[in-house]
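User: I'd like a close look at one part of this model, the place where the two chains meet. Could you walk me through it?

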Amino acid sequence: MPETIQETLNTEALISCQNLTLGYEGKIVINDLSFIVNHGDYLCITGQNGSGKSTLMKTLLGLKTPMSGQIIWGNGIKATEIGYLPQQTQIQKDFPATVREVVYSGLINRTGLRPFYTIAEKAIAEKNMRKLGIGSLAGRCYRELSGGQQQRALLARALCATRKILLLDEPVAGLDPQATLELYTIIKTLNDEGITIIMISHDIDNSVSFASNVLDIGAQQSTDIMKQNKE
Amino acid sequence: MHEIIDKLVLYFQFPFVRYAMITGTLIALCSSLLGVTLVLKRFSFIGDGLSHVAFGAIAIATAMNLTNNLFLVLPVTIICAIILLCSGQNSKIKGDAALAMLSVGTLAIGYLILNVFSSSSNLAGDVCTTLFGSTSILTLSMTDVWLSGILSALVVVVFLVFYHKIFAITFDEDFMTATGVKSKAYNLILATTIAIVIVVAMNLVGALLISALVIFPALSAMRVFKSFRAVTICSVFVSVICAALGILISILAGTPVGSTIVAVDIAGFLLFSLVGKIISRG
């Protein structure tokens, strides 16, 4: 029913993916996937290794182009209003930078050609650091933090870049149970404040209990979104 | 000690020695600015590869009897830098293989062209100078000095204006692209600046030794300091001091400028490693 999809799109859908086929080097990983993300959703994308979760996220972010199909961003959301928490790269593990420098770099998409940050922009970054409980770590070296603290720093950076939507790629990978729960709680709080969350996760049990929708692309060609019937 | 000072005073009465000293430190300054980014982005060898490209271009310029080879060398090196830095992970041939191919290829072709077409009577000397830098600081020409000065100033200005962007692109290029920043444009600026640094620095230390000038100060600073800003500032100071010391020593001892500077850089690196070890224990 193309009309209904078009309708939802214009009124409330934040992201609408239509018949996406994704892959690399000619190999199809995800075939004919369609789904809609609405404002305020907490969508959890699950699936096994190699099922194309990361490819899907990179496509949503515009880092990869789909082999076919299209992604439509609704309600005039701009690329500069997206926050992203990527998986840590090897480079970052021995990068000499303070937490403050890392978090501030999330402000880049506000500056345009201006070479420095304004006082108002810095205030946003400081506020986000306090909000995530890393205000006291601002001057510390990023590579000396624990895994959980590093993820919070990267989450604070992502928050500097957005007020509307966060895309998280395996945010709890490598964290201990305590830090995992803390991070999930933080993400849930952000969702409750109105930020749309799209998260990739291995950890199905935990993520399902927090998410409002689950997209399982592990099962071949499954394109359904299971609605959680909580309450 | 008195003798040494007398000798230095005597040398510094010549304007070209003073100018050479100024250019040398300027080149050291701008090459160290980008060193931090190159080391962290795992592009340490890009300086080496690009300088070989520049060598190939110089060979062609020499064969064509161009009066000032910079006008050919600079564009060629910039184009190669853009190809290397901007092709990213998507290309069929991975970064390090592409770099190795390009650097060895251009080195061989350059030497071949020099041998076939050059009319110079002292071919081995020419090649040696291009590869290892001027044997004496005094052979830097006045045009070299001015061009180096202007290009160095340009690099410093670009770095200051784009400092935060350079940090962001070094730390996490994907994040930058994903949040709507045109990271390709900044990669382009970075590649161009690196190419300029390489071409300018070739005058001082020669094609084979440039990497040292770019990499050592950054690595030294990273042993001790823990923020990007402190590492950048420190590597600039290390680089300038090492270059100045190297030039002074080469004047006094009559050693080749390039290799003397690099030797001082190595000493600096060892010193900083030691300090870093002591700090992390204490």
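How many residues of chain A are in contact with how many residues of chain B?

Analyst: Sure. This is a predicted model, so local features need pLDDT of at least 70 and side-chain atom pairs count only at pLDDT 80 or more, while totals for chains, interfaces and linings use all residues. Residues are numbered from 1 along each chain as its sequence is written, chains are lettered from A in the order in which they are written, and side-chain values use heavy atoms, with hydrogens and water left out.

On to the interface: 38 residues of chain A are in contact with 28 residues of chain B, contact being heavy atoms within 4.5 Å. Together the chains bury about 2700 Å², with 65% of that on carbon and sulfur atoms; buried area is the accessible area (1.4 Å probe) that two parts lose on being put together, summed over both. A:Phe95, A:Pro96 and A:Ile108 give 22% of what chain A buries against chain B, more than any other three residues.

As for charges, there are two salt bridges between chain A and chain B, each a side-chain nitrogen of Lys or Arg within 4 Å of a carboxyl oxygen of Asp or Glu. A:Arg157 and B:Asp172 meet in a salt bridge, at 2.9 Å from N to O.

Which parts of chain A do the touching? Strand E5 (82-85) and helices H3 (90-93), H4 (99-104), H5 (108-111) and H7 (147-161) each supply at least two residues of that side. Helices (H or I, at least four residues) and strands (E, at least two) are DSSP runs, numbered from the N terminus. The largest share, four residues, comes from H7(A).
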